[in-house]
Each structure stands twice: as structure tokens, then as C-alpha cells.
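I opened this entry to keep track of what I looked up in the model. I start with single residues and then turn to the whole chain.

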Amino acid sequence: MAILTPALVLAALGFVLGFLIFLVGKYFYVEEDNRLEGIVELLPKYNCGACGFPGCKEMAVSLLAKEAKPSQCKPMKKEDAEVLQKHLDELFAVKPE
Ligand code: SF4
């Protein structure tokens, strides 16, 4: 019986910690804006930081918040920036649900 005690303690500990992870995941869940992925796809994805943001995803967040402009992305071609601006204009024309 003594040999089962450590196994039972570990199983109970695993259950308690697993439940805590479940609760933390449930209460701290942040729903991501599904428009973000489309914007990131139109950026060069070099994550170079030339735009003043740490990476392309952060730039996309600022574009979505209307705090940045596609022209801030230095490596992006002018034609691609125009496509991105058009995409943003379409997004902003449609109100988020
Ligand atoms: S400058 Fe362009 S490629 Fe570089 S991190 Fe910013 S958005 Fe990404």
C-alpha cells in the first residue's frame, strides 16, 4: 500500500493543477479579432520592426485600431500597401459584430 501513496498523491496533484489550468484558461481567455489574421496575411511578415512595432502582428493590431498606416511598413511595396489600404477600407466600412 505504501508504494501506491506517491502515485495517488501525484495523481491528485495532477488533477488539481489541471483543474487550475482549466479555470485560468476559462477566465483569462481573450477572444481574438478574426479580422486580424487577414491583415497580417497582407503584411510582408518579416517582423523586422521598421514600422516602429515589434512585429507584423502588432502592426496589424494598430492598423485595425486606426493608429497606424500601411505606409509605415518600410519593406512593403507601394502596390501591396494600396491593396492593404483597400482591404482596411472595406473592413472599416463593415461594422464589427
Ligand atoms: S515594417 Fe512591415 S515587415 Fe517589418 S515588422 Fe513592420 S509590418 Fe512587419
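**Asn47.** I looked up Asn47 and found it in the loop between α2 and α3. This is a predicted model, so I read each entry below as a computed value. Is Asn47 buried, exposed or partly exposed? I counted 14 other C-beta atoms within 10 Å of Asn47. Burial takes 20 or more and exposure 12 or fewer. Asn47 is therefore partly exposed. I then checked its backbone: the phi of Asn47 is positive, about 50°, although Asn47 is not a glycine.

**Lys45.** I went to Lys45 next, which also sits in the loop between α2 and α3. Its phi is near 60°, again a positive value in a residue other than glycine. Around Lys45 I found 12 other C-beta atoms within 10 Å. The limit for an exposed residue is 12 or fewer, so Lys45 counts as exposed. How far apart in space are Lys45 and Pro75? I read 9.8 Å from C-alpha to C-alpha, for a sequence separation of 30 residues.

**Cys51.** I stayed in the loop between α2 and α3, where Cys51 is placed. Why does Cys51 count as buried? Cys51 has 24 C-beta neighbours inside 10 Å. The threshold for burial is 20 or more, so Cys51 passes. I listed its contacts, leaving aside neighbours within four places in sequence. They are Met59, Ala68, Gln72, Cys73 and Lys74. I also checked Cys51 against Pro70: they are 19 residues apart in sequence and 9.0 Å apart in space, C-alpha to C-alpha.

**Ligand.** Which residues are closest to the ligand? I noted Cys48, Cys51, Cys56, Met59 and Cys73. In total, 16 residues surround the ligand. I sorted this shell by class and got 12 nonpolar, three polar and one charged residues. Cys51 and Met59 are thus on the list of closest residues, and Met59 is also among the contacts of Cys51. Cys73 appears on that ligand list and among the Cys51 contacts as well.

**Leu10.** I moved to helix α1, where Leu10 is found. I counted 10 other C-beta atoms within 10 Å of Leu10. With the limit at 12 or fewer, Leu10 is exposed. I then took the distance from Leu10 to Val83. The two are 73 residues apart in sequence and 56 Å apart in space, C-alpha to C-alpha.

**Domains.** Where are the domain bounds? I found domain 1 at 1-30 and domain 2 at 35-93. Their C-alpha centres lie 42 Å apart.

**Secondary structure.** I counted four helices and zero strands in the chain. From the N terminus on, the order is α-α-α-α.

**Overall form.** I compared the chain with a compact globule of 97 residues. Such a globule would have a radius of gyration near 13 Å, but the chain has 22 Å. The C-alpha trace spans about 75 × 30 × 20 Å along its principal axes. Buried residues make up 12% of the 97 residues; Cys51 is one that counts as buried. I also looked at contacts with a separation of 6 or more. Of these, 43% join residues 24 or more positions apart.

**Confidence.** I closed with pLDDT. The mean over the chain is 94, and 97% of its residues reach 70 or more. Which helix has the lowest confidence, and which the highest? Helix α2 (residues 35-42) is lowest, at a mean of 94. Helix α1 (residues 4-27) is highest, at 97.

Note on methods. Residues are numbered from 1 along each chain as its sequence is written. This is a predicted model: local features need pLDDT of at least 70, side-chain atom pairs count only at pLDDT 80 or more; totals for chains, interfaces and linings use all residues. A residue is near a molecule or strand if its C-beta atom, placed from the backbone, lies within 6 Å of it. Ala, Val, Leu, Ile, Met, Phe, Trp, Tyr, Cys and Pro count as nonpolar, Asp, Glu, Lys and Arg as charged, and the others, Gly among them, as polar. Domain bounds come from an automatic or database domain assignment. pLDDT is the predictor's confidence in each residue, from 0 to 100. Helices (H or I, at least four residues) and strands (E, at least two) are DSSP runs, numbered from the N terminus. The radius of gyration is taken over C-alpha atoms; the globule rule is 2.2 Å times the number of residues to the power 0.38. Two residues are in contact if their C-beta atoms, placed from the backbone, lie within 7 Å.
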